[in-house]
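User: I should like to work through this structure step by step. Please explain the reasoning behind each answer.
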Amino acid sequence: MAIRGRYGKLLLILILGLFGGAVAAAAPARADSPVGFWYGTDSSYIAIPGSVPYREPAIGGTYGGYIGMAGNWANWQKCSGDGVVWSATDSRDADADYADARGIGVGVYWFMGGPGVDPHYNGTAAEATAWGAAQAAQTLTDMTHLSSKVTYPVVFMDVELPGHAPGYSPATDNGWNSIYTSTCSGKVKTLHIPAAIDRAEFNGYANYLTSHSSYHAGVYSAPSVWKSIFGTGTSSVLSNTYEWTYTNDTSSLTHHPVGWCLSGTTTCAEFFVGKTSTSKYALMWQWSGGGGTHNGYGDFDQIDAARTP
């Protein structure tokens with residue numbers, strides 16, 4: 001989830017809160033705050049220090065969770081060289097802390113391909129819906145083969161415009177704004193997809209996921225990306241979908257987030273489609289390491305576990 005024009009991994013680091021100081025004796029370093037927030041990581045492997053309770057790398061605090069890539073549309077479609085980013089080690093550590101009543105455990109996202117890379121694209125909402133549903137079905141299948149059980153109840157659709165990202169996607173926009181000559185070609189045939197067709201696919205995924213499992217639908221994106229794909233009209237509206245944003249991320253690890261803002265600064269998470277950090281649907285913020293903001297470790301995120309559905 002956080003390729004966004006770089007050539008590497010996509011790492012999400014969750015943050016969840018310290019429950020009433022229960023960890024103080026075993027894990028004396030700082031924790032995220034206020035109560036309900038935790039720290040964590042996502043995607044590619046990051047060395048997690050210590051033993052149960054594990055520590056958040058670089059900044060300290062209890063390691064509150066891991067979210068990995070359950071699957072990648074390009075890998076699923078057998079495009080050459082396009083991989084899935086999952087750390088068996090980090091998911092195991094997050095699972096161990098969760099079993100010890102710390103954090104949210106293990107969650108997943110799906111690196112999503114838009115209508116323009118659908119091998120059966122025909123410009124109809126019905127086909128876009130079917131393409132979204134097929135990706136949701138594959139997500140649920142892939143989740144059964146992961147090295148750790150998924151404990152977090154929200155599955156995130158990774159909706160982004162990755163740019164030139166070999167090893168992740170042959171399509172610079174993942175097929176959201178352009179139609180490609182074939183699924184894996186990376187060659188644009190048409191430079192426009194109606195927002196309503198994009199939204200039909202999004203809805204197809206969310207509806208299949210929620211009707212075939214107990215998981216809730218979430219989306220990883222940012223205000224500018226969302227607007228580029230879905231516009232500003234009815235196709236852009238989100239009502240009951242959970243959000244994970246990366247807007248206002250930084251390469252610095254000097255200031256740590258407290259309640260959706262970096263302490264000692266005016267930098268805060270920015271959610272999208274009218275949602276603010278006070279919304280019950282605002283769950284996560286990737287605050288460092290994403291989108292080319294390399295910090296030497298990986299992507300650090302924050303999550304409000306008190307809002308977990």
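User: Which residues of α4 does α3 meet?

Analyst: In this predicted model, the α3 side of the contact includes Ala125, Trp131, Gly132 and Leu140. Contact here requires heavy atoms within 4.5 Å. On the α4 side, the residues met are Ile197, Ala200, Glu201, Gly204, Tyr205, Tyr208, Leu209 and His212.

User: How do the residues of this contact divide into nonpolar, polar and charged?

Analyst: Gly counts as polar in this division, whereas Ala and Tyr count as nonpolar. On that basis, the contact of α3 with α4 comprises one charged residue, six polar and 12 nonpolar.

User: Is α3 roughly parallel or oblique to α4?

Analyst: The axes of α3 (residues 125–143) and α4 (residues 195–212) come within 7 Å and cross at roughly 40°. Angles under 35 degrees would count as roughly parallel, and 65 to 115 as roughly perpendicular. The crossing is right-handed. The angle therefore makes the relation of α3 to α4 oblique.

User: Which members of the largest nonpolar core touch the most other members?

Analyst: The largest nonpolar core has 55 residues. Its members are buried, which means under 20% relative accessible area. Those that touch the most other members are Met143, Phe156 and Val159.

User: How many residues are in the second core?

Analyst: This core is separate from the largest one. Phe37, Trp260, Ala269 and Phe271 are among its residues. The second core has 12 residues.

User: What percentage of the residues in the chain is buried?

Analyst: The chain contains five helices and 12 strands. It has 309 residues, and the buried share of them is 57%.

Notes: Residues numbered from 1 in each chain as written. Predicted model: local features only at pLDDT ≥ 70, side-chain atom pairs only at ≥ 80, totals over all residues. Heavy atoms only, no water. Core = buried A, V, L, I, M, F, W, Y, C linked by side-chain atoms within 4.5 Å. Buried < 20%, exposed > 50% of the residue type's maximum accessible area, 1.4 Å probe, protein only. Axes fitted to C-alpha atoms, helices over the stretch in contact; angles between N-to-C directions. Helix = DSSP H or I, 4+ residues; strand = E, 2+ residues; numbered from the N terminus. Parallel < 35°, antiparallel > 145°, perpendicular 65-115°, else oblique. Left-handed = near helix turned anticlockwise from the far one by under 90°.
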